[in-house]
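Good morning, colleagues. Please take a moment with the sequence and the structure before we go through the architecture together.

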Amino acid sequence: STQSTWGRHRIVGTTLDDSVGEAFDKTALLLGINHIPGGPHLESLAGKGRIGSIDLPKPLSKPQHSSCDFSFAGLKTAVRQRYNAEVHRIESSDADGAAQEAQKEQLRADIAASFQEVAVTHLASRLERALGWLQERGVAVCSVVLAGGVAANKTVRSRLEASAATFGLALHCPPPRLCTDNGVMVAWAGVERLQLGLYEVAPSVDNAEQCVEVRPRWPLGCRWQR
């Protein structure tokens, strides 16, 4: 892109509820991971689990959901319900305490692996749908950028890299050590925009208290209608 297009965004798809990072962190907490952020630890736990061993619903899989939007609230709820049901089943069995704990540990790993697989597949399918939609309309796409805390996840990186490669595109993402601090990422974006003159003049001292606006979901740009 040229400098005249920097800072200009058109939204092709967005989350309808929770972010994927929140879904990872909440699932990690459910599985007893108390670290913040929980995503990296959930990824490690998923490596010990069996993908698909826990049946979880695919988000927005019905035909009427043909947009590029994504959703994780339903998946997060399904994970909690399935986990609680399986824990109850284990605790109601005749197995001794040690056997039950071993089963619970395997359950946590299986839940982590199955959740990660469904979540990442959902992201990849939405990315491919968005790229296909842009390609059909003759929109030139130079590359795909993956950013945010979830960009540190190796499975997310590899799957989205494969999705981008399907369309002949490269995937760009920051090194994992720079993916864990949202404050730094937001501040860096602010520096870039400031240098390009993409900012609003701050209110004067006299009316500062009346002019401060708080937007918890500040939009990147306008919605691109299909």
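Let me begin with a question: is Asp18 buried or exposed? Asp18 is buried, with a relative accessible area of 13%. I should say at once that we are looking at a predicted model, and my remarks should be heard in that light.

Where, then, is this aspartate placed? Asp18 sits in the loop between strand S1, residues 10-11, and helix H1. Setting aside residues up to four places away in sequence, Asp18 touches Phe72, Ala73 and Lys76. Between the C-alpha atoms of Asp18 and Ala85 there are 23 Å in space, and 67 residues in sequence.

Let me now step back to the whole chain. The protein has 226 residues, of which 32% count as buried. Its secondary structure comes to seven helices and four strands, and from the N terminus on the order of elements is β-α-α-α-α-β-α-β-α-α-β. Taken along the principal axes, the C-alpha atoms fill a box of roughly 70 × 50 × 35 Å. Among contacts with a separation of 6 or more, 77% join residues 24 or more positions apart.

As to the surface, the accessible area is about 14,200 Å², and carbon and sulfur atoms account for 55% of that. There are 25 positive and 24 negative charges, and their mean positions lie 6 Å apart.

I turn next to the interior. In soluble globular proteins, nonpolar side chains tend to be buried together. Here the largest nonpolar core has 41 residues, and the members touching the most others are Leu42, Leu75, Phe115 and Leu160. At least two residues of this core come from each of helix H1 (20-30), helix H2 (39-46), H3, H4 and helix H5 (154-166). H4 provides the largest share, namely 13 residues. A second, separate core of five residues includes Val12, Cys68, Ala130 and Leu134.

Which residues does Phe115 contact, leaving aside its neighbours within four places in sequence? They are Ala23, Phe24, Thr27, Leu42, Leu56, Leu75 and Val79. Two of the names in that list, Leu42 and Leu75, appeared a moment ago among the core members with the most such partners.

Helix H2 deserves a closer look. Its buried residues are Gly39, Leu42, Glu43, Leu45 and Ala46. Viewed down the axis of H2, these fall within an arc of 160 degrees, so they line one face of the helix. The cover over the buried residues of H2 includes H1, H4 and H5.

Two further positions complete the tour. The first is Asp110, which belongs to helix H4, residues 97-136. Asp110 is buried, at a relative accessible area of 3%. Apart from neighbours within four places in sequence, Asp110 is in contact with Gly49, Arg50, Ser53 and Ile54.

The second is Ala78, in helix H3, residues 73-91. Why does Ala78 count as buried? The relative accessibility of Ala78 is 14%, and the cut-off for a buried residue is under 20%. Beyond its neighbours within four places in sequence, Ala78 contacts Leu56 and Pro57. Ala78 and Ser204, by C-alpha positions, are 50 Å apart in space and 126 residues apart in sequence.

To close, I return to the two aspartates: Asp18, in a loop, and Asp110, in a helix. Asp18 is buried, and Asp110 is buried too. Thank you for your attention.

Definitions and conventions:
Residues numbered from 1 in each chain as written. Predicted model: local features only at pLDDT ≥ 70, side-chain atom pairs only at ≥ 80, totals over all residues. Heavy atoms only, no water. Buried < 20%, exposed > 50% of the residue type's maximum accessible area, 1.4 Å probe, protein only. Contact = heavy atoms within 4.5 Å. Areas by Shrake-Rupley, 256 points an atom, 1.4 Å probe, with all protein chains shown as cover. Lys, Arg positive; Asp, Glu negative; His and termini not counted. Charge placed at Lys NZ, Arg CZ, Asp CG, Glu CD. Core = buried A, V, L, I, M, F, W, Y, C linked by side-chain atoms within 4.5 Å. Arc of directions from axis to C-beta.
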